[in-house]
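Reader: Hey, got a minute to walk me through this model? I'd like to start with how the strands pair up.

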Amino acid sequence: SRAEGRTDTRHVVKLIPGIAYQASDTLSLGVSLSAVYAQAKQKFFPGTSVFNPGNPSGSFFGTDLTDAHALRYGLRLGAQDRVSDNVTIAAVYASRVALPLHGGRVNANFSALGLGVVTYGDARIDGLALPQELSLGIAWQESAATLLSLKVSHLYWADALRSLTFTALNPNNSFAPAMIQTTTALNWRDSNVIAFGLRHALN
């Protein structure tokens, strides 16, 4: 997202190796272990530094966060059953994957305090996660050439993104605050997603 002086960049990459088992002529079961890598950068008005001596809580010091990252693992389970020659149903469960970003560096603009830009060698963001998911689907082979499908998913965002806590420690200037910490409420809500699919063989 971009606003005046603000830039947030977050990347999430997932690698999902899996294995499937044909339990019967109609039933298939699957499991996969996903490796999730996340990386974040954030510039929050890094050129701004304001100190309010009458109300220190009203002061603002811009920050520039780099190199925060996380590597976590998640589980996915699936089942698919061919209930008739032309109808197949399926279900998938995916676990919640917490992504506590750590290992970052923060440059904080304390110019208003006469300290210039102070580097914090240990920065982290807690509270990010990929949601738990439950999906149900059905596919109908309407004809030899045409397949129709429907998938309904419930994403548990309320449990995944409640709040974000940003923490910076180990400044390279002993006169700077020993810790910077801010918490932002997110309060996401669970969501339902409905997807329709159509596949048609032209020849």
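Author: Sure. One term before we start: two strands count as paired if DSSP finds at least two bridges between them. Also, this is a predicted model.

Reader: OK, so how do β6 and β11 pair?

Author: Strand β11 covers residues 133-141, and β6 pairs with β11 in the antiparallel sense over 8 bridges. Alanine 91 sits opposite leucine 136 in β11.

Reader: And how many bridges join β5 to β6?

Author: There are 7 bridges between β5 (residues 60-82) and β6 (residues 87-94), and these two strands run antiparallel. They form a hairpin, with 4 residues between them. Arginine 82 is opposite threonine 88 in β6.

Reader: What's the secondary structure of the whole chain?

Author: It comes to 1 helix and 15 strands.

Reader: Switching topic: which residues make the nonpolar surface patch?

Author: Val83, Ile89, Ile138, Leu150, Val152, Ile194 and Phe196 make a patch of about 640 Å². The elements giving two or more residues to it are β12 (146-155) and β15 (191-200).

Reader: Is phenylalanine 196 buried or exposed?

Author: Exposed, because its relative accessible area is 71% and the cut-off for exposed is over 50%. Phenylalanine 196 lies in strand β15.

Reader: Last one: what does the C-alpha trace span along its principal axes?

Author: About 75 × 30 × 30 Å. The protein chain has a radius of gyration of 24 Å, whereas a compact globule of 203 residues would be near 17 Å. Buried residues make up 26% of the 203 residues.

Conventions
Residues are numbered from 1 along each chain as its sequence is written. This is a predicted model: local features need pLDDT of at least 70, side-chain atom pairs count only at pLDDT 80 or more; totals for chains, interfaces and linings use all residues. Side-chain values use heavy atoms; hydrogens and water are left out. Patches are made of residues with over 30% relative accessible area and no salt bridge: like charges are joined within 9 Å, nonpolar side chains (Val, Leu, Ile, Met, Phe, Trp, Tyr) within 5 Å. Accessible areas come from the Shrake-Rupley method with a 1.4 Å probe; for residues, only the protein chains shown count as cover. A salt bridge is a side-chain nitrogen of Lys or Arg within 4 Å of a carboxyl oxygen of Asp or Glu. Buried means under 20% relative accessible area, exposed over 50%, partly exposed in between (1.4 Å probe, protein chains only). The radius of gyration is taken over C-alpha atoms; the globule rule is 2.2 Å times the number of residues to the power 0.38.
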